[in-house]
Amino acid sequence: MRYLIGIDDTDNLQTRGTGFRARQLGQELIQSGLANVFGISRHQLFFDPRVPYTSHNSSACLEVETGRFDYLKHYCSAFLAREAAPGSDAGLCIVAADGLSEEVIRWGARAKCELVTQAEAWTIAKEHGLFLAAFTGNFDGAIGAMAAVGLRYSGNDGRFVWMEGKNFRELSGLSSVSELRRLLPIDGVAGEDLVLIPESSVVDLDGWVRPVLKNGKKIVLIEKYQHNGGICYKCASKELVRKISN
């Protein structure tokens with residue numbers, strides 16, 4: 001069965017961020033044989049001075065498959081209790097990757113644009129039977145952890161920091177869309193309009209390859225430019241990827 005694992009607020013100003021911890025957890029789950037990991041996404045939450053955060057107020061979500069849910073809960077809990085940095089407010093939420101309630105999805109959307117409370121997070125989790133836990137600090141990480149699973153489930157938010165297949169951080173040079181899809185489990189390549197370009201199109205991957213999640217599809221973003229009278233494609237800039245994924 002597939003599950004979504006949301007984690008939040010695992011770091012302090014002197015340590016690696018939540019995205020790094022999410023990738024570390026993913027690798028441990030794979031190496032231990034506990035779960036298959038399909039993708040890890042980053043989700044931007046409400047960026048406001050009234051919200052306590054370390055640097056960017058983002059949370060992360062892992063999509064995994066396992067037949068040992070209880071063991072998964074214990075493993076992820078032990079990982080965060082061990083790896084969460086001093087001064088952090090680490091939170092964890094694990095839900096089945098099908099049939100998530102609309103209230104949890106709306107919670108994720110709200111956490112991107114308004115102040116939400118920890119008390120409400122615990123209430124929603126209890127009402128819908130979600131596994132929600134917190135380990136350090138004042139436990140505010142429970143807010144972002146539950147928001148992460150709601151946003152990931154919505155299929156319309158965030159960008160991937162890891163996915164199975166080729167390490168997209170190492171991609172460079174020219175590639176056709178069809179070849180890129182053989183390397184990565186993506187649905188296609190598109191510009192800012194999110195219209196997929198033909199499979200035969202060639203893309204210059206020298207840049208910031210970070211697939212985004214839009215309309216239920218995993219998409220590598222590109223930008224168009226003119227060269228020798230024709231239209232060419234290059235990997236989208238950080239600014240465009242952040243604009244569309246945040």
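**Figure 1. Helix α1 and its buried residues.** In this predicted model, let's start with the residues of α1 that are tucked away: Thr18, Arg21, Ala22, Gln24, Leu25, Gly26, Glu28 and Leu29 are buried. What do these buried residues pack against? Their partners are β1, β2 (36-44), β3 and α2. The helix itself has 15 residues, and from its first C-alpha to its last it reaches 21 Å. That is close to the 21 Å you'd expect at 1.5 Å a residue. Look just after α1 and you'll find Gly33, which takes a positive phi of about 80°.

**Figure 2. A salt bridge between helices α1 and α2.** Here the side chains of Arg82 and Glu28 meet, with N and O 3.0 Å apart. Arg82 belongs to helix α2 (residues 69-83) and Glu28 to helix α1 (residues 18-32), so this pair links distant parts of the chain, 54 residues apart. Is each partner buried or exposed? Arg82 counts as partly exposed, at 48% relative accessibility. Glu28, at 18%, counts as buried because the cut-off for that word is under 20%. The pair doesn't stand alone, either: Arg21, Glu28, Arg82 and Glu83 are linked in a network of salt bridges.

**Figure 3. Ser77 in helix α2.** Stay with α2 for a moment, since Ser77 has its place in this helix. With a relative accessibility of 14%, Ser77 counts as buried. Which residues does Ser77 touch, leaving out those up to four places away in sequence? They are Leu92, Phe131 and Phe135. There's also a polar atom of the Ser77 side chain to spot: the backbone oxygen of Lys73 lies 2.7 Å from that atom.

**Figure 4. Arg2 and Glu63, a salt bridge between two strands.** In this view, Arg2 forms a salt bridge with Glu63, and their closest N and O atoms are 2.9 Å apart. Why can we say that the pair ties together separate parts of the chain? Arg2 lies in strand β1 (residues 2-8) while Glu63 lies in strand β3 (residues 58-65), so the tied parts are 61 residues apart in sequence. Their surroundings are worth a look too. Arg2 is partly exposed, with a relative accessible area of 33%, whereas Glu63 is buried, at 10%.

**Figure 5. Strand β2 and its two neighbours.** Eight of the nine residues of β2 are buried, so this strand is largely enclosed by the rest of the structure. How does β2 pair with β3? The two strands pair in the antiparallel sense, over eight bridges. To find your way along this pairing, look for Ile40, whose bridge partner in β3 is Leu62. β2 also runs antiparallel to strand β6 (residues 159-163), and four bridges join these two. A handy landmark for that pairing is Arg42, which stands opposite Arg159 in β6. As you trace the strands, keep a general pattern in mind. In a regular strand, side chains alternate between the two faces of the sheet.

**Figure 6. Strand β12 with β9 and β11.** Which way do β9 and β12 run with respect to each other, parallel or antiparallel? β9 and strand β12 (residues 230-235) run parallel, joined by two bridges. Among the partners here, Asp204 has Lys234 of β12 as its bridge partner. β12 pairs with strand β11 (residues 217-227) as well, this time in the antiparallel sense over six bridges. One place to look in this pairing is His227, whose bridge partner in β12 is Gly230. β11 and β12 form a hairpin with two residues between the strands. In this hairpin, Asn228 takes a positive phi near 50°.

**Figure 7. A salt bridge between a loop and helix α7.** Our last close-up shows Glu192 and Lys243, which form a salt bridge with their closest N and O atoms 2.6 Å apart. Where do the two partners sit? Glu192 is in the loop between β8 (188-190) and β9 (202-204), and Lys243 is in helix α7 (residues 238-245). The pair links distant parts of the chain, 51 residues apart. Glu192 counts as partly exposed at 46% relative accessibility. Lys243 has 58%, so it counts as exposed, a word used for values over 50%. To put this view in context, the structure holds 12 salt bridges.

Notes. Residues numbered from 1 in each chain as written. Predicted model: local features only at pLDDT ≥ 70, side-chain atom pairs only at ≥ 80, totals over all residues. Heavy atoms only, no water. Salt bridge = Lys/Arg side-chain N within 4 Å of Asp/Glu carboxyl O. Buried < 20%, exposed > 50% of the residue type's maximum accessible area, 1.4 Å probe, protein only. Expected span 1.5 Å × (residues − 1). Contact = heavy atoms within 4.5 Å. Polar contact = N/O pair within 3.5 Å; in protein donor to acceptor, adjacent residues only side chain to side chain. Pairing = 2+ DSSP bridges.
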